[in-house]
Amino acid sequence: MHQFSPSPPLFDTRISSLQRVHQGKVRDIYDVDAEHLLFVATDRLSAFDVVLTEPIPFKGEVLTRISEFWFERTASITPNHLSRLRVEDVVSDAAERAQLIGRAMVVKKLAPLPVEAVARGYLIGSGFREYSAHGAVCGVALPPGLSLAGRLPQPIFTPAFKAPAGQHDENIDFDAVIKLVGRDFAEDIRRITLDIYRFAADHARARAIIIADTKFEFGVDRAGRLTLMDEVLTPDSSRFWPVASYKPGISPPSFDKQFVRDYLESLHWDKKPPAPRLPAEILTRTSEALRLLTA
């Protein structure tokens, strides 16, 4: 297993030498210069769209390590937003750099496209609900009789409109993607999404992990090239299931937030802020599950 930083969990970043331009549920983003941003993955965890009060140890490092792994291995499929700059090239203060060890990357600035590119190899979550109601997902017709968590005959592209902050993303069909980004980009996004998914699913399956589904984000660089961005095949953007415990017809245990979700579902919580505090046992089990993905 990879060695992780001995630093305490990081809930919030403070880098006075750079301007923070965005704080998401997990990532803090800083402006570097006209062409670059600094992405920092904190140890924050969200569940049911609420950021929990306790950070998950090593989570940001796991997310960063996994994304870097897949950015490197999918570079032959599509360009991505990683730059050649290192963190030490853009953050000069040693104390500020210390909080970024293993969890930050310098990336190229892109014009983001308003589409979440989702690939599904199994029927779960909103995909199963939509299939149960309409026999199709995002306009893709599927055979009758498929079960919850059932493997699809072949992976499908099921995009979503990336809604503004504070709103829920909305599943859309391929024609809607064309209207949003144009036919050429739409077709490239669909092809690249499925190519990466197939490549990654084969890699993971050989290591006894199922990638049930995943989502990607794309932007356009200054030269007008479609570019993969944000994160790739992390537990925050994908469903990972252990092959050993997979069984169609039930929602399989997963490597992402399953321990946290199960605990929160056992409480009388209205799923609005503030979130309940998590017991130490849940924090530890979630952290260990995430670390298995980098073993």
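Asp-213 is buried in this predicted model, its relative accessible area being 5%. Its side chain meets that of Arg-239 in a salt bridge, with N and O 2.6 Å apart. Because Arg-239 belongs to strand S15 and Asp-213 to strand S13, which spans residues 209–220, the pair ties together parts of the chain 26 residues apart in sequence. Arg-239, for its part, counts as partly exposed, at 29% relative accessibility. The bridge therefore joins a buried acid to a partly exposed base.

Let me place this pair among the other salt bridges. How many does a search of the whole structure find? The search returns 24. I shall discuss two further pairs and one network.

The next pair is Lys-109 with Asp-31, whose closest N and O atoms are 2.6 Å apart. Lys-109 sits in the loop between strand S6 (104–108) and strand S7 (111–122), whereas Asp-31 is in strand S2 (residues 27–31), so this salt bridge connects parts 78 residues apart in sequence. Are these two residues buried or partly exposed? Lys-109 has a relative accessible area of 29% and is partly exposed. Asp-31, at 24%, is partly exposed as well; the cut-off for buried is under 20%.

The third pair consists of Asp-236 and Lys-59, where the N to O distance is 2.8 Å. Here distant parts of the chain are linked: Asp-236 lies in the loop between strand S14 (226–229) and strand S15 (238–242), Lys-59 lies in helix H1 (residues 59–73), and 177 residues separate them. Lys-59 is buried, with 2% relative accessibility.

Besides such pairs, there is a network. Which residues does it contain? Asp-12, Arg-14, Arg-20, Asp-28 and Arg-44 are joined into one network by salt bridges that share partners.

Lys-59 also leads us to the next region, since Leu-45 touches Lys-59. Leaving aside residues up to four places away in sequence, the contacts of Leu-45 are Val-50, Val-51, Leu-52, Ile-56, Lys-59, Lys-257 and Val-260. Leu-45 is located in the loop between strand S3 (36–41) and S4, and it is buried at 2% relative accessibility. As a point of reference, the C-alpha atom of Leu-45 is 28 Å from that of Val-137, which is 92 residues away along the chain.

Ser-46 lies in strand S4, residues 46–47. Ser-46 is also buried, with a relative accessible area of 8%. With the same exclusion of residues up to four places away, Ser-46 touches Lys-25, Val-51, Leu-52 and Lys-257. Val-51, Leu-52 and Lys-257 thus appear in the contacts of Leu-45 and in those of Ser-46.

I turn finally to helix packing. Two packed helices are described by the angle between their axes and by the distance between those axes. For helix H5 (residues 174–181) and helix H6 (residues 183–205), the angle is about 130° and the axes are 7 Å apart. That angle makes H5 oblique to H6, and the crossing is right-handed.

Which residues of H5 and H6 meet? From H5 they are Phe-174, Val-177, Ile-178 and Val-181. From H6 they are Arg-183, Phe-185, Ala-186, Glu-187, Ile-189 and Arg-190. By class, the residues of this contact divide into seven nonpolar and three charged, with no polar residue.

Terms used
Residues are numbered from 1 along each chain as its sequence is written. This is a predicted model: local features need pLDDT of at least 70, side-chain atom pairs count only at pLDDT 80 or more; totals for chains, interfaces and linings use all residues. Side-chain values use heavy atoms; hydrogens and water are left out. Axes are lines fitted to C-alpha atoms, for helices over the stretch in contact, and angles run from 0 to 180 degrees between N-to-C directions. Helices (H or I, at least four residues) and strands (E, at least two) are DSSP runs, numbered from the N terminus. Angles under 35 degrees count as roughly parallel, over 145 as roughly antiparallel, 65 to 115 as roughly perpendicular and the rest as oblique. A crossing is left-handed if the near helix is turned anticlockwise from the far one by less than a right angle, and right-handed if clockwise. Contact means heavy atoms within 4.5 Å. Ala, Val, Leu, Ile, Met, Phe, Trp, Tyr, Cys and Pro count as nonpolar, Asp, Glu, Lys and Arg as charged, and the others, Gly among them, as polar. A salt bridge is a side-chain nitrogen of Lys or Arg within 4 Å of a carboxyl oxygen of Asp or Glu. Buried means under 20% relative accessible area, exposed over 50%, partly exposed in between (1.4 Å probe, protein chains only).
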